[in-house]
Amino acid sequence: MQDHTKSQKVTGSEALLLSLIAANVDTIFGYPGGAIMPLYDKLLNFSNRLRHILTRHEQGAIHAAQGYARSTGKTGVCFATSGPGATNLITGIADAMADSTPVVCFTAQVGSMLLGTDAFQETDVVGVSMPITKWNYQITNPNEIPAIIAKAFYIASNGRPGPVLIDITKDALIKDCDYSYTPCNYIRSYVPSPAIKEEKVKWAADIINAAKKPMIVFGQGVILGHAEKELLEFVEKSGIPCASTMLGLSAMPNNHPLYKGMVGMHGNVGPNRMSNQCDLLIAIGMRFDDRVTGDVARYAKQAKIIHLEIDKAEINKIVKVDVWVRGDVKESLPMITKLINKGDHSDMEPFFAECEAEEMRRVINPLLNPKEGKITMGEVIDTLNKVSAEQAIVVTDVGQQQMISARYARFQNSRSFLSSGGLGTMGFGLPAAVGAQIGCPNRKVVAILGDGGFQMTMQELGTIIQEKLPVKVIIMNNSYLGNVRQWQELFFNHRYSSVAMNSNPDFVRLASAYNIDAEMVNKREDLKSAIERMYNSESAYILEVQLEEEGNVFPIVPLGKATDEMLYGDENK
């Protein structure tokens, strides 16, 4: 094993690659170009220790790195060249920032003597990316490379995770330097996990013990903090019913009796209503996004609120809380669990049962058991649940298929639902599924894509076939940009503007061009067998499902409404 602490003479490119190995990186997603060519040249010498995935677009590289990070808990890594290569990462970096995904992006830059001259493929990527990175830095001296990379990985993965971008000039990649690597575990001005204040823990526990009608809402912070076990212990000791944000999905098994579903714009009726009826709301690793709260002026006004959160900036930012416990939830949850009484809130069950029955009657049964018409989105997800035994990693794009997957996909294992939450990036799904499959080769990965989002990054089928990845793809084809169309129907008087996808390609023939097995299904009686063929295939497989054109996702909390002011879709029937 190489001693990375012993100084040696190498080029800047070699120092970068050696530093990645020392940081336990095994996979890089990227796309070469002019300024970054010296790095790719040296990458050939490290091919036995670093796996490079050649995506078909830089946006594919960053989304794949996100999928890898979110499915494994590791830090994703991607490479891009200067100019357009670097700017093609920007959407994914913003997405990673919004969803707290740990990725380290390396962009090459023109030579340091050319900086500021508008040289060929020069872009101020540090300036461009500053608002959407947790930290960024430009290297012009190769001797900086090991220390800066160590710092980058520390910042990206500690505390609230996020993206870091390192821009390196071409001459810094070529010149020699003295290489030795020391991992970073401290930065004077950065405290990723503050010491938890015991008086806050005691205060929170006292409020929990006194509550008569409490509810827990947990978010992705539980998954990012590897605190699934601690959440389960807290829920079971307290006896408090709980619900998830969209990005918190899969942190708790769906079949747990105290799990009541998802909150938010397309959330379950019970927890949405309870948000405005409980006497205590315990928010764990979530940030009170507007899609969760609805009209914030009417959100949980009757309740005391406890907030467990690692990022100081999120506390009292949107919702004023009574008690906050700042710190890593993996540490704070057990401290609170130790102090709370064994709870029994079974008296709340009739309320949730009544809500579930209403939702079943008004929304779920018509969606999952339609008497006639074309296949519905809900039927597809329900069938996938049964075929997969709720074991798949589900990766979605953005749109109706995202919301229907969030509502109806079921999970037994954590890190099983990957989707673009805060930024809502169409095109995320397919490349993120690539990253998830590479990160979790022993799990089945199913990408649920709309016909619109798929066409934004469908070139990544080339990556799938080149890497021989058994990614499964379901294209929900309703020949519309479905989510926009639904809003135009509900809130713009059916004025459908620029949402019809009348000239979609033949997706099965497209898959054939990539030598990927595919089929199309448009009959309800053929759906289950088609999903079985797809799911059980040992290689990549694309299943196009032709759906009802104007299917909608319900319930929905319209913008500006409170979480208990949901539309069910049957109001005018």
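Here is a walk through this predicted model, from a strand and a helix to salt bridges, a cavity and a sheet. Residues are numbered from 1 along each chain as its sequence is written, and because the model is predicted, local features need pLDDT of at least 70, side-chain atom pairs count only at pLDDT 80 or more, and totals for chains, interfaces and linings use all residues. Side-chain values use heavy atoms, with hydrogens and water left out.

Let's begin with strand β4, residues 76-80. Helices (H or I, at least four residues) and strands (E, at least two) are DSSP runs, numbered from the N terminus. Of the 5 residues in β4, 5 are buried; buried means under 20% relative accessible area, exposed means over 50%, and partly exposed is in between (1.4 Å probe, protein chains only). Both faces of β4 are covered, with G76, C78 and A80 on one side and V77 and F79 on the other.

What does β4 pair with? Strands in a sheet pair through backbone hydrogen bonds, and they can run parallel or antiparallel. Two strands count as paired if DSSP finds at least two bridges between them. Strand β2 (residues 27-30) is joined to β4 by 2 bridges, and the two run parallel. If you look at G30, its bridge partner in β4 is F79. Strand β5 (residues 103-109) also runs parallel to β4, with 5 bridges joining them. Here V77 stands opposite V104 in β5.

Next, find helix α7, residues 145-157. You can check its length yourself: the expected span of a helix is 1.5 Å times one less than its number of residues. For the 13 residues of α7 that gives 18 Å, and the end C-alpha atoms are indeed 18 Å apart. This helix is largely enclosed by the rest of the structure, because 10 of its 13 residues are buried. Among them are I145, P146, I148, F153 and Y154. Just after α7 comes G159, which takes a positive phi of about 70°.

Now for some charges. Side chains of opposite charge can pair when their charged atoms come close. A salt bridge here is a side-chain nitrogen of Lys or Arg within 4 Å of a carboxyl oxygen of Asp or Glu. The whole structure holds 29 salt bridges. One of them links D206 and K202, at 2.9 Å from N to O. D206 and K202 are 4 residues apart in helix α9 (residues 198-210), so about one helical turn separates them. D206 is partly exposed at 40% relative accessibility, and K202 is partly exposed too, at 43%.

How far apart in sequence are the parts that R524 and E379 tie together? Their salt bridge has its closest N and O atoms 2.5 Å apart. R524 lies in helix α23 (residues 524-536) and E379 in helix α16 (residues 377-388), so the pair ties together parts that are 145 residues apart in sequence. R524 counts as partly exposed at 27% relative accessibility, whereas E379 counts as buried at 7%. Elsewhere, R273, E358, R362, D570 and E571 are linked in a network of salt bridges.

What about empty space inside? On a 1 Å grid over the protein atoms alone, a cavity is a set of points where a 1.4 Å probe fits but cannot get out, and lining residues have an atom within 4 Å of a point. Grid points are joined across faces, edges and corners, and a volume is the space filled by probe spheres set on the points. The structure has 3 cavities of 30 Å³ or more, and the largest contains about 60 Å³ of space. Its lining includes R70, Q220, L247 and R415. Both α10 (221-224) and β16 (417-418) supply at least two residues of that lining.

Strand β16 also leads us to a sheet. This open sheet of 6 strands has the order β16-β15-β17-β18-β20-β19, with parallel pairing. Its edge strands are β16 and β19 (517-521), each pairing on one side only. Strand β15 (residues 393-396) is joined to β16 by 2 bridges, running parallel. At this junction, V394 stands opposite F417 in β16, and F417 is also one of the residues lining the largest cavity.

Definitions and conventions: 1 Å grid on protein atoms, 1.4 Å probe; cavity = no way out; pocket = protein on both sides within 12 Å on 5 of 7 lines; lining within 4 Å.
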